Amino acid sequence: MVIRKEKKSCGQVVEEWKEFVWNPRTHQFMGRTGASWAFILLFYLVFYGFLTAMFTLTMWVMLQTVSDHTPKYQDRLATPGLMIRPKTENLDVIVNVSDTESWDQHVQKLNKFLEPYNDSIQAQKNDVCRPGRYYEQPDNGVLNYPKRACQFNRTQLGECSGIGDLTHYGYSTGQPCVFIKMNRVINFYAGANQSMNVTCAGKRDEDAENLGSFIMFPANGNIDLMYFPYYGKKFHVNYTQPLVAVKFLNVTPNVEVNVECRINAANIATDDERDKFAGRVAFKLRINKT
């Protein structure tokens, strides 16, 4: 014999739902009394309070082992890389001499990039240092903060300084300037107390032929020891990295040229095939003329 379950009306369902939410006879809210809800809320308050306290304590203990000024681990930056300015998405410096818009974006980027190197700003914020030796500033038991930085004046970049330059860093005449900078590595003594410089060349034989001649500022692409070591962003608040400017004088027009620049220093390897930017940088240069 099959017993059919009585089908409840819509009104009965609503009444049962209302009684579940609040039962006036038992004074239960959603099936629990006020005391039951109070115990549950107290449990979760204590439980999550304990988790929060344990997380806070763990973070506090960990932060006691971390310096505000020097990263705890720097193994990934044992060898500094090189980078170029103007900064482009694919390291392609493309100039169309007859199209102002094609190179004006590079000029604007360089104006902003070189602004901190203005001689007046450098004289105001940084020291005149003795060339040929490291500018060490040890703490000697007392926090020496902030560290002083050596002046790198914009005028050292010669024809690539952009000061009073009607050629806009050479971009309007097809003789562009490209700036090479070394990435910062804290407490790194670049050069191992020996002179160092940047050199550039075409990557292949055809690139070397199409690259033509160029000049470098400072002379021979030299980077002085006095700009090292770097003590970190918080310590070295006014630090400005040394630059090397390369002015390409007669690149073969309408041809893509692959250029590679390397830093020659006793303690910087440039032949690591796993890292294409370790001590070197490669970029493409193209000067379009119609």
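Visitor: What makes Glu260 a residue of a paired strand, and which residue stands opposite Glu260 in β11?
Guide: In this predicted model, Glu260 stands opposite Ala282 in β11. Strand β10 (residues 257-264) and β11 run antiparallel to each other, with six bridges between them. Two strands count as paired when at least two bridges are found between them, so six bridges meet the rule for β10 and β11.

Visitor: How do you know that β4 and β11 pair, and in which sense?
Guide: Five bridges join β4 to strand β11 (residues 280-288), in the parallel sense. The cut-off is at least two bridges, so five are enough to call β4 and β11 paired. Residue by residue, Val93 stands opposite Leu285 in β11, and Ile94 stands opposite Arg286 in β11.

Visitor: What is the order of the five strands in the open sheet?
Guide: The order is β4-β11-β10-β6-β8, and the pairing is mixed.

Visitor: Why do β4 and β8 stand at the edges?
Guide: β4 (92-96) and β8 (222-223) each have a single partner strand, so one side of each has no neighbour in the sheet.

Visitor: Why is Gln151 called buried?
Guide: Its relative accessibility is 14%. Buried means under 20%, so Gln151 counts as buried. Gln151 lies in the loop between α4 (119-125) and β5 (177-182).

Visitor: What does the side chain of Gln151 reach at 3.1 Å?
Guide: The side chain of Gln151 reaches the backbone oxygen of Asn126 at that distance, 3.1 Å. With residues up to four places away in sequence not counted, Gln151 touches Gln122, Ala123, Asn126, Asp127, Val128, Gln156, Met226 and Tyr227.

Visitor: Val128 is on that list; buried or exposed, how does Val128 count?
Guide: Val128 has 72% relative accessibility. Exposed means over 50%, so Val128 counts as exposed. Val128 is placed in the loop between α4 and β5. Val128 and Gln151 are 23 residues apart along the chain, and their C-alpha atoms are separated by 5.8 Å.

Visitor: Why does Lys181 count as buried?
Guide: Lys181 has 9% relative accessibility, and the limit is under 20%, so Lys181 counts as buried. Lys181 is found in strand β5.

Visitor: What makes a polar contact with the side chain of Lys181?
Guide: The side chain of Asn183 does, at 3.5 Å. The pair of atoms must be within 3.5 Å, so this contact is accepted. Apart from neighbours within four places in sequence, Lys181 is in contact with residues including Phe113, Gln241, Pro242 and Leu243.

Visitor: How many cavities of 30 Å³ or more are there?
Guide: The count comes to two. The largest cavity has a volume of about 80 Å³, and the second largest holds about 30 Å³ of space.

Visitor: Which residues line the largest cavity?
Guide: Its lining residues include Pro80, Met182, Asn183, Arg184, Gln241 and Pro242. By class, this lining has eight nonpolar, two polar and one charged residues. Arg counts as charged, so Arg184 in the lining falls in that class.

Visitor: Which residues line the second largest cavity?
Guide: Among them are Tyr135, Gln137, Arg148, Cys150, Met226, Tyr227 and His236. The lining of the second largest cavity has eight nonpolar, two polar and one charged residues. Met226 and Tyr227 are also touched by Gln151.

Conventions
Residues are numbered from 1 along each chain as its sequence is written. This is a predicted model: local features need pLDDT of at least 70, side-chain atom pairs count only at pLDDT 80 or more; totals for chains, interfaces and linings use all residues. Side-chain values use heavy atoms; hydrogens and water are left out. Helices (H or I, at least four residues) and strands (E, at least two) are DSSP runs, numbered from the N terminus. Buried means under 20% relative accessible area, exposed over 50%, partly exposed in between (1.4 Å probe, protein chains only). A polar contact is a pair of N or O atoms within 3.5 Å; within protein, one must be able to donate a hydrogen and the other to accept it, and residues adjacent in sequence count only if both atoms are side-chain atoms. Contact means heavy atoms within 4.5 Å. On a 1 Å grid over the protein atoms alone, a cavity is a set of points where a 1.4 Å probe fits but cannot get out, and a pocket is an open set with protein on both sides within 12 Å along at least five of seven lines; lining residues have an atom within 4 Å of a point. Grid points are joined across faces, edges and corners, and a volume is the space filled by probe spheres set on the points.
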